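Please open the model in your viewer and keep a selection panel at hand, since the stops below are meant to be followed one after another.

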Amino acid sequence: MAQNKAQYNFRTLDLDQKIVQSIDNGIVVLDDNLYIYHYNRWLELHTGKKESQVLHKKLNEVFQEINSKTLIRKIKTALRLQTPTFYIASTSKYLIPIKLNQIKHTHFKYMQQDISIVPFDKENNLVALIITDQTIMATTNAMLNANIEEVKKLNAELIKERDTIDKKILYIKFDIHNIITDVSHALLELLSFQKEDLKGLNFFQYEKLHINKGTQKSILESMQKLQVLHFEESTLSLKGEELLFKSTLVPEYNAKGEHIGFILFRENVTDAKKLAQTKDKILASSRSAAMGEMIAMIAHQWRQPLSLINTVIATMKIKKELDILDEEVINKSFEKIQTTTKYLSETIDDFRDYFKPNKLITEFALESLFDKSIFFLKEEMAQYNIEYKIVYSESIKIATYKNELLQTLINVLKNSIDAFEKLEIDNKTITVTITNLATHISIEIEDNAGGIDKQTLSRVFEPYFSTKSKNGTGLGLYMCHSIITEHLKGSIIIQSKDFTTKVVIELPYKIKEKK
């Protein structure tokens, strides 16, 4: 009797065979006892089991790995409420084990699946299980998590470095209750203090004579928001000597990523010269800012594709409800989703390659490097309606450190984009002109974002100088200058006139390998 009932219901499903068999998803129709009434072509191809082999059998008998209790509970919930229930790949991984031996670039042994359990026939207690392959998205998420783990490793390395530079870097550490926990030997020596004189004191009680109320308010706001803050302060040594510091306040985290307090880095600028041996260590504090820029750029790159996927899914849902969802629409929709998820995965690869250290000189077409930098920034340019132009007479080959030059170009272009953020004009433009000269290559990057005043222009390459208030690290153009002049053996200047700003970079066609 049960078999006759199953055969009757199977015949009623024949009306939808064409559509069901052509969909690029697994579809299996079950009752609330897990008996199989339909098993589409997609599942036959991916599991190696024919419909004739599994029809009228229980799904958990065909695939013994299935958690029957959970599946039956979800099926009964869907039938009782007449609304779909779900398994999500990010938590449940997969329902039906489908091996991925034929796929090379994946973190998984089995296909990662989203499962929709849709009420199909209430009278006969039938539901349709729609199985969607989420392996590409799951792999992309795994790669992103791997990058996050790499950031944690860098932070751990930075913590170790701090222990080795006690005698070179000026810093004070204090915990989340503002109690001073450590002071570097270099700072103690400069102030003529002993560590016992400061350790255990409340930081703000110790600094109350040297930090004004406005600065203290800014420090407290930055601490509350866990933001980096740059400010200037003066203090007295135990000998009564007045010292002027440029200070940088940064949150401190332990190896587990837990916030444990703050570090106040100080640079003694009483004398105009900075100590040469501290330069690389100070630049190390820009790592977190660089990774923050990377995450922000990833967010910009992903926003539009994710929106497209949501739109495609919503359109399919509406057409399904209106009973106008045909095979052509389904195929085109799935093609769009597959293309978009592939793009998301490739975006992660591009960012990973960009941040990968590269100490080799390579030869490449200079205009192609601008194509790569614009790829990273195109979403932000579109957001502010910025027109981008590149002008060159012929393809120019250059042999240099590719990633370092790319980092510089992105930094300069990003500064131009940021300058447009609060500017209300119609014809926002950034123009790049590459000129092939007899002895070197000239790159001019010009924007009409309002120009730079003379006082600011004279300080743009100074470390920790920023016009972006609390949102800027003040290391961007300083790093650009260091990279261009020291590593790439070129020059960089910034010119500003009327409403425009022009960055002029000159580079040799080929630089010598570092020994």
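Select Glu 252 to begin: in this predicted model its relative accessible area is 9%, so Glu 252 counts as buried. Add Lys 173, which is likewise buried, with a relative accessible area of 11%, and display both side chains, which meet in a salt bridge with an N to O distance of 3.5 Å. Because Glu 252 belongs to strand S9 (residues 242-253) and Lys 173 to strand S6 (residues 170-175), the pair ties together parts of the chain that are 79 residues apart in sequence.

Go next to Asp 182 and Lys 195, which form a salt bridge whose closest N and O atoms are 3.0 Å apart. Asp 182 is found in strand S7 (residues 180-183) and Lys 195 in helix H10 (residues 195-198), so that the bridge links distant parts of the chain, 13 residues apart. Which of these two partners is buried? Asp 182 is, at 17% relative accessibility, whereas Lys 195 counts as partly exposed at 28%.

Then select Glu 380, Lys 414 and Asp 418 together, as they are joined into one network by salt bridges that share partners.

For a pair within one helix, move to helix H3 (residues 41-47), where Arg 41 and Glu 44, three residues apart, are separated by about one helical turn. Their side chains meet in a salt bridge (3.4 Å, N to O); Arg 41 is partly exposed, with a relative accessible area of 36%, while Glu 44 is buried at 16%. The model has nine salt bridges by the rule applied here.

Turn now to the nonpolar interior. The largest nonpolar core has 44 residues, and Leu 366, Leu 405, Ile 443 and Ile 445 are those with the most contacts inside it. Among the elements that each supply at least two residues of this core are helix H16 (366-383), helix H17 (402-420), strand S15 (441-447) and strand S17 (500-507). Centre the view on Leu 405 which, leaving aside neighbours within four places in sequence, is in contact with residues including Phe 364, Leu 366, Ile 484 and Leu 507. A second, separate core of 28 residues includes Phe 63, Ala 78, Tyr 87 and Ile 131.

Finally, colour the chain by pLDDT, which averages 80, with 80% of the residues scoring at least 70. Over residues 1-12 the pLDDT is below 50, although this stretch has 13 contacts in the model beyond near neighbours in sequence. Residues 272-278 also stay under 50, and for them the model has six contacts beyond four places in sequence.

Methods: Residues are numbered from 1 along each chain as its sequence is written. Side-chain values use heavy atoms; hydrogens and water are left out. A nonpolar core is a set of buried Ala, Val, Leu, Ile, Met, Phe, Trp, Tyr and Cys residues joined through side-chain atoms within 4.5 Å. Buried means under 20% relative accessible area, exposed over 50%, partly exposed in between (1.4 Å probe, protein chains only). Helices (H or I, at least four residues) and strands (E, at least two) are DSSP runs, numbered from the N terminus. Contact means heavy atoms within 4.5 Å. pLDDT is the predictor's confidence in each residue, from 0 to 100. A salt bridge is a side-chain nitrogen of Lys or Arg within 4 Å of a carboxyl oxygen of Asp or Glu.
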